[in-house]
Amino acid sequence: MSEALGRVVATERKPNTPHEFHFWTAIDSPVGIGTIVRVDGAQPIDGQIPHIYGIVVEGFSYTDLQSPMHDVLGHDGLPTTAGYAPSERAEIRLYTAAVLRQIPEEPLQPVPMGQVFLADEADVQVALRMDSYLREGANTGIPVGVYRAGGTDAVIYLDADFLLGPEAAHLNITGVSGLATKTSAVEWLLSSLFTHFPEEKGSIAAVAFNVKGPDLCYLDQPGKVEESDDVLYEKLRVEPKPFDHVEYFAPYTAKGLTLNTFRNNEELLDKVTPLTWGLREVLQFAEVLLNKDDVDAKADALIDFIKENVIDKEFSDPVLTKKHRVQSFSDLDAWFRDVLQGMEKRDGESWRTHHVATIRKVRNRLSNISTRCAGLVTDSGEVSDLPFGSFSDRTVYVVDVANLEEDAQDLIFARIVSKLREHLERRDLGVKHLVVFVDELNKYAPGDGADTYVRKMLLDIAERGRYLGLVLFSAQQFRSQVHRRVVGNSGTALFGRMDADELSTPGYAVLSPATRTKLATLEKGQLMIRHPHFTQPIFVRFPRPSVMQGREGAERYPQASEISMDAAVLRTLRQLDPTITLSWVQETTALYNDEEIVRARNATLLARPDNVKAYFTAQFRKIVPAQTPARPMAASIKSAPENDPYGF
Amino acid sequence: MLSTNSAPDPAGRAALRMLMQRLPDVSVIDGGYLEPFTSSEPPTLRAAPVVEGSGMRAIRVPDYSRQTASSFGAFLDGAQRVQVVGHRRGIPIVYATVSAAIRVRINKRFVTWGHRPPLVARRFFLPFRYLPELAREVATGEESLSIADTSRADINGQFPSAHPSVLQERAMRAVDELREQLEYTLAEAWCSRAESPLFIDGGTSGNPRVASSSCAIGVVKSHRTLHVDDDSLSIVLGLTLGERSPVFRVAPRSRSAVMSWYLRVRDATGHDPLWGLVRVEVAESTTPTGRANEISRWVMKEMSPLSLPDGRWDKMSYGIRDCEEFLRAIS
């Protein structure tokens, strides 16, 4: 057994309670804020020596000096002379610890006097109640980091049942930007989750929305791992390697030539799938893009009418000049034009109870969507989407929306999450559990401001997702500014280095001043964890993720700039058929306009045919080469019949 | 020496209960505290022969600066806590806890000397002469309580009267002697190991071995007896900061002879003349000047850090304060 490092003390002014106790240590003891200690009581209770586990939440140091003035006087007001004093004043290190667990748990009594020991790895497991879910045969522990204090290295596990449901679920990360805490923590945790998530609990995948910068764009590329990180990886039993299975999705740029992602370097394009949606996909989520001012009851009724009766159906009406089958935004615009012209001809103010002004307004708003979300929403109606229904186990699907307008980001988020939810409800997503990672929750689920569609969706996931296997991993800089029900429903919370202003908000009042100070000064790779099994927050270290960091990736694989149409097509088709050359592309597309070429390229990419050249060529309309009309044969002068008596 | 008066500790209360079983008619009283013993002798001037030079004068301690190092390796002090816890037909029942400890300085911080643990004694100080039934039990060895008799005859064969004040004074004197005994026990042990110089709170002349040991240095803070004559008094009282008197020889009755000198360790401007004045006692030496200068530098050095909030901080070294705080904690 290790030596005692402290003794419990209690005075009338500062008594111990069942939830808090005080102890002193030698000045050079390794105790600090966040250290887990064990108290061995002296008197047995019901025949059992009580063991109390606590975590240090506050520390005090003082000497026998009654007034600072005495020290000034003692050194003649010269700080330099203090070093010559032959003796140091008697000094104390007094700590306050919050109780993590008492054994026996009943009767719950104030912490008794006793010796204090540094908790070893076994003590840490008991103190944090991890022993309940690290049992042989029923191990649901997911390593989240290593607790370190005074030579003790103890792996801290989260309970998968409380991280991914069904008991509790969701995880929220808070920390200042720029310290590689939030993204790194999620990358590391996903690695650990994919490694340690129990097989018997089923398959798991993750959808990560990359909302800013290139951080999540190189998850399949190896990153630098320091020696100290290797030690942590070994301790945590996770292999330091990039993710084996990552798929990227990104819409095109507004011009439609290149993918709108940091990962559009030619060397990395093979794992990037275009994300394009047509009218049908977008109209389901029209309310994401149309605010309440846009969509009043009348406009809503017209949109519903279009969804029910117009989209993907043969639609005819006396007011229309022809039958319409609306499958794309361009079809829809043609339909609107026909309806409005028909009304004008008939001098009518309403059509099928819809006023002409409402029709014009809805036309304006809907037509606008393809402009606002150019690159994502196609006029032609082609759809390239996430593989809903065939999600793979231990795969990360990254949706890169970092370079998109806010509207497009909202639309993507709303539709993908809705689809995920639908599939999970039907149990046909392809995996049983799905983690959705969303950064910048301040923006998507703010505590105040308008009640947006996206916020409603996030609230829905937070409150009901765990029953479906849909788990939200969210991150933000300012937890206090996120909707309380979103963070409140997160069973597990991680905290990186925090901003002092944020720490001064009421939500952190439950933490001791020392713990708040520690939070404000955490190093990279350190986290404070709250988890349902832990009665107090715990500090851990986690290894640097073994994937390429965003900045390094951006330098090594520079983002492709806008290129010519031919080069864009070549780049895309070469992924499918490396023999394709620029001259072939130029020759094949020479007679067609940009819109046709993009459509042909997208269709080829979507179909991934065996014969790429033939398929691509077949997408273009036939152009018959101009031919010189044959000269009509000159009528010959009829000769007189031989037997014509009048002939000459 | 630390003297405190407070309610008996748990051990004291238990002892009192046991005593009451033997003396059922003891009346327990609360708050019967005894002031620290003050000698009945009046303050006096008692000239001592100067052994350094020809007469009393102020000598500037040479080579003292902030960088001066102190060679004291340990500090010794004793403490006593005395209380009149009851009386029996006017006879005071005195209970005392007496302790002593050596605190060693390691890396500028103090720890208890490992070779000899602190000494703590708890006992009643009772006049057996006026409590005969108790005296009989003690005489037959049946008494398990630790009791000291305060009614023995003095060197003149005189027994103390039953006057409560006389008996209390006798008890206090016995407590003092016990404390001194504990202190000297530790000092002897220290000196027998010939370790670094020991700073002793108080004189060293009460114990021959200690008084003759070069590693025991006594620093006396009280000046009930000033070892100067009338003419030299103004010189001693006029010592300024960093000045000392010549070394003189002190040889009290029934005590050992030691070398001694006065030393001003704090600037007394604005204070009474005895403020910041200590008297140092060391074993006799053939080089009194060098010894006095060297030890004076150490003693002055030990005045930092200040011993505030102790009221005697003007004369008290921080090491002695640490001893007192330690003894207060354990006794």
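Two strands pair if DSSP finds at least two bridges between them. Helices (H or I, at least four residues) and strands (E, at least two) are themselves DSSP runs, numbered from the N terminus.

A word on the model: it is predicted, so local features need pLDDT of at least 70 and side-chain atom pairs count only at pLDDT 80 or more, while totals for chains, interfaces and linings use all residues. Residues are numbered from 1 along each chain as its sequence is written, and chains are lettered from A and ligands numbered from 1 in the order in which they are written.

**Exercise 1. Work through the hairpin made by β9 and β10 of chain A.**

Step 1. Find the strands: β9(A) covers residues 141-149 and β10(A) covers residues 152-159.

Step 2. Check the pairing. These two run antiparallel, with eight bridges between them. As background, strands of a sheet pair through backbone hydrogen bonds, either parallel or antiparallel.

Step 3. Pick out one bridge: Ala149(A) is partnered by Thr152(A) in β10(A).

Step 4. Look at the turn. Two residues sit between the strands, and Gly150(A) in the turn has a positive phi of about 50°.

**Exercise 2. Trace the barrel in chain A and locate the cis proline in the loop before β6.**

Step 1. Follow the strands around: six of them close up in the order β1-β2-β5-β4-β3-β6, with antiparallel pairing.

Step 2. Add the twist, which averages 40° from one strand to the next. (Axes here are lines fitted to C-alpha atoms, for helices over the stretch in contact, and angles run from 0 to 180 degrees between N-to-C directions.)

Step 3. Zoom in on β1(A), residues 6-9, and β6(A), residues 114-118: they pair antiparallel over two bridges. Arg7(A) has Gln115(A) as its bridge partner in β6(A).

Step 4. Go to the loop between β5 (91-103) and β6 of chain A, where you'll find Pro104(A). The peptide bond leading from Ile103(A) into Pro104(A) is cis, with omega near 0°.

**Exercise 3. Compare the overall build of chain A with that of chain B.**

Step 1. Count the elements. Chain A has 21 helices and 24 strands; chain B has seven helices and 16 strands.

Step 2. Use the radius of gyration (taken over C-alpha atoms; the globule rule is 2.2 Å times the number of residues to the power 0.38). Chain B comes out at 21 Å, close to the 20 Å that the rule gives for 331 residues, so chain B is as compact as a globular protein of that length. Chain A has 34 Å, whereas a compact globule of 648 residues would have a value near 26 Å.

Step 3. Look at the boxes along the principal axes. The C-alpha atoms of chain A fill roughly 155 × 60 × 60 Å, and those of chain B fill roughly 65 × 45 × 40 Å.

Step 4. Check burial. A residue is buried if 20 or more other C-beta atoms lie within 10 Å of its own, exposed if 12 or fewer, and partly exposed in between, with C-beta atoms placed from the backbone. Buried residues account for 43% of chain A and 46% of chain B.

**Exercise 4. Find the nonpolar cores and explore the surroundings of Leu434(A).**

Step 1. Set the rule: a core is a set of buried Ala, Val, Leu, Ile, Met, Phe, Trp, Tyr and Cys residues joined through C-beta atoms within 7 Å.

Step 2. Start with the largest core, which has 162 residues; those with the most contacts inside it include Ile36(A), Val399(A) and Leu434(A). Helix α11(A), residues 406-426, supplies the largest share of this core, nine residues. A second, separate core has 84 residues, among them Tyr95(B) and Trp190(B).

Step 3. List contacts of Leu434(A), counting two residues as in contact if their C-beta atoms, placed from the backbone, lie within 7 Å. Outside four places in sequence, its partners include Ala206(A), Leu420(A), Leu424(A) and Leu470(A).

**Exercise 5. Decide whether Asp379(A) is buried or partly exposed.**

Step 1. Place Asp379(A): the loop between α10 (356-372) and β19 (396-400) of chain A.

Step 2. Count neighbours. Asp379(A) is partly exposed because there are 18 C-beta neighbours inside 10 Å.

Step 3. Name its contacts beyond four places in sequence: Ser328(A), Phe329(A), Ser330(A) and Ser370(A).
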